[in-house]
Amino acid sequence: MTSHPRDRFDLSPSAAAEAAFVDAQARGRMHHAWLLCGPEGVGKATFAYRAARRLLGAATDISRGPLGARPGDPVSQLISAQSHPDLLVLERLSDGGKVKKSISVDQARDLPEFFSKSPSQASHRVAIIDAADDLNMNAANALLKVLEEPPERGVLFLISHAAGRLLPTIRSRCRRLTFAPWTDAAVADLIETKTELAGEEAARIAVMARGSPGAALDLASAANLEVDRLAQAWVAAPAVERAEQMAIADGFRGAEGQARFESLIDRLAAAVKARSLAEGAAGAAWADLWTRLSDLPDRAAAINLDRADLLNGALADLARVKAQAAMGGR
């Protein structure tokens with residue numbers, strides 16, 4: 001299961017960003033709003049929680065990076081438990097197992113009330129908006145009112161995957177920190193440092209992670225490696241055993257089941273894409289299958305389709321492509 005950024009302690013996404021934040025705090029020039037920009041999955045939310053721990057007084061652990069904190073510290077534990085009174089997190093809510101499309105104005109209106117109160121346990125009150133791109137127009141305007149009147153001893157972290165889409169008046173009131181995708185070599189080094197994997201296995205996972213250090217560590221976990229091996233085996237095998245397919249589908253129920261489903265489809269799509277590239281000009285059917293698989297999790301979430309049925313359909317598609325390939329593409 002993918003770990004949430006609030007539970008990541010051993011990942012320092014950007015040494016430059018962390019150094020800039022530490023310097024601002026040391027000089028007493030802490031900006032009231034930080035806009036964390038860059039592609040999704042490069043560690044912006046992880047940085048926000050690391051900075052929040054520092055502002056809320058968690059015991060430092062420099063071995064974990066400039067903003068490193070001890071996981072066992074009471075402040076760290078309160079944040080991981082989502083119960084620290086001086087931390088407010090705005091993110092899309094879940095309604096009946098389905099995540100809403102935006103952060104509502106009602107959620108954004110919690111900000112003024114939150115910042116109107118003095119910190120109860122720390123020197124600051126901190127809010128994280130993950131992601132600011134998800135604010136609807138009314139919510140964005142409610143946030144703007146807070147930014148126009150900076151709260152005393154209040155700090156906001158706005159995570160954005162596409163900062164150009166935010167209101168210019170929001171961008172202009174924030175200090176910007178940019179996070180770039182990691183190189184495959186840097187991701188591979190991280191995997192070798194933080195896990196027992198090395199060499200070709202670390203390099204393969206680095207490519208799979210697409211520049212995301214957090215995704216790399218998740219993929220390197222035993223559970224996700226097993227999912228990847230299963231997906232590769234299904235693509236390579238002449239057929240998928242029905243009993244095995246049903247056993248996997250039984251684990252798709254509930255919120256954790258959704259994560260398992262998305263992880264399996266992601267790895268299955270990656271294995272199909274690799275097959276299409278290996279086939280070259282003869283890999284058109286594999287490329288089409290990869291496109292359909294890549295869209296599957298979004299379709300499932302949008303119209304609440306049964307995940308077991310979707311897996312059955314995906315494997316039926318896989319079987320047809322294999323049969324077509326065996327016949328020489330006829």
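This is a short group-meeting talk about the sheet, the helices, the cores and a few backbone details of one structure.

Hi everyone, thanks for coming. One thing before we start: what you see above is a predicted model.

Let's begin with the sheet. It is open, it has 5 strands, and reading across it the order is β2-β5-β6-β1-β7, with parallel pairing. The edges are β2 and β7, the latter covering residues 175-178, and each of these two pairs on one side only. From one strand to the next, the twist averages 15°.

Now let's walk across the sheet, starting at the β2 edge. Strand β2, residues 87-90, pairs with β5 in the parallel sense over 4 bridges. If you want a residue to click on, take Val-89, whose bridge partner in β5 is Ile-128. Moving on, β5 and β6 run parallel and are joined by 6 bridges. Here Ala-127 stands opposite Leu-156 of β6. To get from β5 to β6 the chain passes through helix α6, residues 137-148, and this β-α-β crossover is right-handed.

At the other side of the sheet, β1 and β7 pair in the parallel sense, over 4 bridges. In that pair, Leu-35 stands opposite Arg-176 of β7.

So, how buried is β5? Of the 6 residues in this strand, which spans 125-130, 5 are buried, so β5 is largely enclosed by the rest of the structure.

Next, the helices that pack on the sheet. Helix α1 lies across β1, β6 and β7, and runs at about 150° to β7. Helix α6 packs on the sheet as well, touching β1, β5 and β6, and its direction makes about 140° with that of β6.

Just ahead of β1 there is a residue I'd like you to look at, His-32. It sits in the loop between α1, residues 15-26, and β1, residues 33-37. His-32 is buried, with a relative accessible area of 17%, which puts it under the 20% cut-off. And what does His-32 touch, once residues up to four places away in sequence are set aside? The list is Leu-147, Pro-150, Gly-154, Val-155, Leu-156 and Arg-173.

On to the nonpolar cores. In soluble globular proteins, nonpolar side chains tend to be buried together. The largest core here has 29 residues, and the members that touch the most others are Leu-36, Phe-47 and Phe-157. At least two residues each come from α1, β1, α2, α3, β5 and β6. Which element gives the largest share? That is α2, with 7 residues.

Phe-157 is a good place to centre your view. Leaving aside neighbours within four places in sequence, its contacts include Phe-21, Trp-34, Leu-36 and Phe-47. Also among the contacts of Phe-157 are Ala-48, Ala-51, Ala-52 and Leu-55, together with Val-126, Ala-127, Ile-128 and Ile-129. Apart from this core lies another one, of 28 residues, including Cys-37, Leu-158, Ile-170 and Cys-174.

Let's go further along the chain, to helix α8, residues 184-194. Its residues Val-187, Ala-188, Leu-190 and Ile-191 are buried. Seen down the axis of α8, the buried residues fall within an arc of 155°, so they line one face of the helix. On the face turned away from that buried side, α8 carries the exposed residues Ala-185 and Thr-193. What covers the buried residues of α8? The cover includes α9, residues 199-209, and α10, residues 213-219.

I'll finish with three spots in the backbone. First, a cis peptide bond joins Asp-130 and Ala-131, with omega at about 5°. Ala-131 lies in the loop between β5 and α6.

Second, Arg-153 has a phi near 60°, a positive value in a residue other than glycine. You'll find Arg-153 in the loop between α6 and β6, and at 43% relative accessibility it counts as partly exposed.

Third, Arg-210 has a positive phi too, about 55°, although it is not a glycine. Arg-210 belongs to the loop between α9 and α10, and is exposed, with a relative accessible area of 60%.

That's my tour. Thanks for listening, and I'm happy to take questions!

Conventions: Residues are numbered from 1 along each chain as its sequence is written. This is a predicted model: local features need pLDDT of at least 70, side-chain atom pairs count only at pLDDT 80 or more; totals for chains, interfaces and linings use all residues. Side-chain values use heavy atoms; hydrogens and water are left out. Buried means under 20% relative accessible area, exposed over 50%, partly exposed in between (1.4 Å probe, protein chains only). The arc is that of the directions from the helix axis to the C-beta atoms. Contact means heavy atoms within 4.5 Å. Two strands pair if DSSP finds at least two bridges between them. A crossover is right-handed if, with the strands pointing away from the viewer, the path from the first strand over the helix to the second runs clockwise. Axes are lines fitted to C-alpha atoms, for helices over the stretch in contact, and angles run from 0 to 180 degrees between N-to-C directions. A nonpolar core is a set of buried Ala, Val, Leu, Ile, Met, Phe, Trp, Tyr and Cys residues joined through side-chain atoms within 4.5 Å.
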